[in-house]
Structure formats: C-alpha cells, structure tokens
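Open the model in your viewer and keep the residue numbering visible. The tour below goes from one selection to the next and says what is found at each.

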Amino acid sequence: MDNQAVAELITAIAQGLVDEKEAVNVTFDDPDEEGTVVFHLHVAPDDMGRVIGKQGRIAKAIRTVVRAAANKVGAKAAVEID
C-alpha cells in the first residue's frame, strides 16, 4: 500500500463523516528519519468536531486504522487533523 492509497483511505473515511465532502483534503510529508509518513487531514471548520468525535474517539479510530494498514506492509504512518 503506497502513500497515495493510504491518503485515499483517509479521504474515504473522512468523507463518510462530514457534511462538506468536497472540503476533505489529505496531504502527506516525505518519511522522516524514522521512516514515518505523516498524513495531514484537512476538513471544513464546521466538520472538525465530527472528525475528532467525543473525547477524540473518532480521531483515534482513524489513526488506528491507518497505522494498521501501514503496518501490514511494513511502513509507519501517523495522522494529524489540521
């Protein structure tokens, strides 16, 4: 699974949660010195609460799914919600 596929996975998950689907945008950085790729999820300000969830549960679930998908192919990934 390459970085673009992971970005598409994050986009699909986020678009299922938000009202403004066209505002969902995912970018990613080059791997850092530890090999971790950081994905940046951007959503409309009004949808930020939907993506984060109560006590951050949805955000934590998104991070867990992405980490598991990356780990399956021997990569490291992190998700930041901007």
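In which loop is Q55 found? Select Q55: it is in the loop between helix 2 and helix 3 (57-72). Helices (H or I, at least four residues) and strands (E, at least two) are DSSP runs, numbered from the N terminus. Q55 has a positive phi of about 55 degrees although it is not a glycine. With a relative accessible area of 70%, Q55 is exposed; buried means under 20% relative accessible area, exposed over 50%, and partly exposed in between (1.4 Å probe, protein chains only).

Before going on, note that this is a predicted model, in which local features need pLDDT of at least 70 and side-chain atom pairs count only at pLDDT 80 or more, while totals for chains, interfaces and linings use all residues. Residues are numbered from 1 along each chain as its sequence is written, and side-chain values use heavy atoms, with hydrogens and water left out.

**The sheet**

Next, select the strands. Three of them form an open sheet in the order 1-2-3, with mixed pairing. Strand 1 (25-28) and strand 3 (76-81) stand at the edges, each with a single partner strand, so one side of each is left without a neighbour in the sheet. From one strand to the next the twist averages 25 degrees. Two strands count as paired if DSSP finds at least two bridges between them.

Show strand 1 together with strand 2 (residues 36-42): they pair in the antiparallel sense over four bridges. Two places to look at are T27, which stands opposite H40 in strand 2, and V26, whose bridge partner in strand 2 is L41. Then move to the other side of strand 2, where strand 2 and strand 3 pair in the parallel sense over six bridges. Here the bridge partner of T36 in strand 3 is K76.

Which residues of the chain cover strand 2 is a matter for the next stops, but its burial can be stated now: six of the seven residues of strand 2 are buried.

**The loop before strand 2**

Select E34, in the loop between strand 1 and strand 2. E34 counts as exposed, at 56% relative accessibility. Add K76 to the selection: the C-alpha atoms of E34 and K76 are separated by 8.5 Å, and the two residues are 42 residues apart along the chain.

**The aromatic pair and the core**

Rings of Phe, Tyr and Trp (its six-membered ring) pair if their centres lie within 6.5 Å; planes under 30 degrees apart count as stacked, over 60 as edge-to-face and the rest as tilted. By this rule there is one aromatic pair. Select F28 and F39 to see it: the pair is tilted, with 5.5 Å centre to centre and 50 degrees between the planes. F28 lies in strand 1 and F39 in strand 2, 11 residues apart. F28 is partly exposed at 33% relative accessibility, whereas F39 is buried at 1%.

Keep F39 selected and show its contacts (heavy atoms within 4.5 Å). Not counting residues up to four places away in sequence, F39 touches residues including V6, I10, V26, F28 and V79.

A nonpolar core is a set of buried Ala, Val, Leu, Ile, Met, Phe, Trp, Tyr and Cys residues joined through side-chain atoms within 4.5 Å. The largest one has 19 residues, and those with the most contacts inside it are I10, F39, L41, V51 and V66. Helix 1, strand 2, helix 3 and strand 3 each supply at least two residues of this core.

**The salt bridges**

How many salt bridges does the structure hold? There are two, where a salt bridge is a side-chain nitrogen of Lys or Arg within 4 Å of a carboxyl oxygen of Asp or Glu. Select D19 and R50, whose side chains meet at 2.9 Å, N to O. D19 is in the loop between helix 1 and strand 1, and R50 is in helix 2 (residues 48-52), 31 residues apart. D19 is exposed at 55% relative accessibility, and R50 is partly exposed at 42%.

Finally, add D47, which forms a salt bridge with R50, the closest N and O atoms being 3.7 Å apart. D47 is buried, at 2% relative accessibility. Through shared partners, D19, D47 and R50 are joined into one network.

Technical notes: Axes are lines fitted to C-alpha atoms, for helices over the stretch in contact, and angles run from 0 to 180 degrees between N-to-C directions.
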